[in-house]
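Me: Got a minute to go through this one with me? I'd like to start with the strands.
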Amino acid sequence: MAYKQHFIEWFSGKQLPSYWTGAQVAGSGGSASMADAIDGGINVNSGSGSNNSYAIYFNNKRQYSATGSVMINVSKINVSTNYRGGGVGMSNVHATNGNNYIYFQNTASNTYIKAVSRSTSGLFSDTSVTQDANYHSFKGECKSSSAEFTIDGGLQVTHTTNLPTLALQPFIYADDSSSVSADMRCIYCEAYNT
Amino acid sequence: MTDSIYDQLNANGTVGKQRVVETFSGDSLDTDRWHTQQIVATCTFAPADSVDGGLLISTDAGGGSPSAYLSFNDVCQYNPLGFRFISTCKKGADNNVGIKAGIGSDDSSATPAHNSLMTAGSLVSYRALATKDGSTGTQTNSDVAVSSTEFVYDIVGNGSSNILSLDGVTKVTKTTNLPTAKCQPLLYIQSRSTSAVKTWNCKYMECYNT
């Protein structure tokens, strides 16, 4: 069997590797930096203010198939209060304001972590995993006619509509909706074509 | 077998912890990941142009004990109460060298305040495990004499002990003066006794929380 594109990121070291690009999607003041903390990983910060959003991605180098790829991510919201957090997944554009993505919406204003997919319109589904500030393992798999969303080893949601059709790249974003900035922490990211 | 590296490293349903794997192979050191902290004079960390060379760690030829760390610039993501550090070491021919590698809380002095480090070279007669708990540092020798033979070593910390294994065999168990503060991976070299270039090679480093 031919080897396919495969990517692993540990988010451990002095700074974010240069093959990631950071971008302020909305507002200002966001950043991505290594967290000086046990199991700290990368800290993606939205910037403080209202409706700020910051993402890291591959600068639109889209090497992963919308019909045959897997994304695995271990991440958490680094907050426990009721403002937004962010998400992890794969997207055609650098954040969730574009079309074509799958991601887990890991946002403190929700009761449950949501599974999201989109081509021209988005489909948001609650998983059974209650939103919290703990690390979870997230696995999203794009198949030819479905998208599967797994959290901590258990399949949570399967979408058969609103599936992405364009090539994808990993992304991690933080998003706030108040004057308090939001952080997403991530200690692992893996993506590969199947 | 699963295609996922993650699934090979973590049991189904468990959430993985911080980990880093470095193979020290390429045209230059990954300076996004690694920081060179010079302690005395100038040392270098560069890929070796040799089979199985990995990273060549060298002092300059001057006196005054040139020494330096390769570190994460004090970004400390590893838990001294639950960690594993696996690496390789091949000492150069010159015995007048100090080698330390493992985890430590800082890279600003020859002995980090909190550390758990494999020690070799002329710092010791036998490969050893050195630990420090923030104030007191002690060292326990193995029964393996220092030499230029490449070896794999493994340090495991679980909160009650730090265990050094050499080539897969448990050699030292320390239960006192163990580190408690968050740590980073460290590779250290120090020229000792003579004015000449001293070296050691490392071709693999893995560190993870347990």
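Reply: Sure, terms first: helices (H or I, at least four residues) and strands (E, at least two) are DSSP runs, numbered from the N terminus, and two strands pair if DSSP finds at least two bridges between them. It's a predicted model, where local features need pLDDT of at least 70, side-chain atom pairs count only at pLDDT 80 or more, and totals for chains, interfaces and linings use all residues. Residues are numbered from 1 along each chain as its sequence is written, and chains are lettered from A in the order in which they are written.

Me: Which residue takes a positive phi in the hairpin of S12(A) and S13(A)?
Reply: A:Asp152, with phi near 50°; the hairpin has 2 residues between the strands.

Me: And how do S12 and S13 of chain A run?
Reply: Antiparallel, with 5 bridges joining S12 (residues 147-151) to S13 (residues 154-159). A:Ile151 in that hairpin stands opposite A:Gly154 in S13(A).

Me: Switching to chain B, what's its secondary structure?
Reply: Chain B has 1 helix and 16 strands.

Me: What's its radius of gyration?
Reply: Chain B has 16 Å, which agrees with a compact globule, because 210 residues would give a value near 17 Å. That's over C-alpha atoms, and the globule rule is 2.2 Å times the number of residues to the power 0.38. The C-alpha box is roughly 55 × 40 × 30 Å along the principal axes.

Me: How much of chain B counts as buried?
Reply: 50% of its 210 residues, buried being under 20% relative accessible area (1.4 Å probe, protein chains only).

Notes. Side-chain values use heavy atoms; hydrogens and water are left out.
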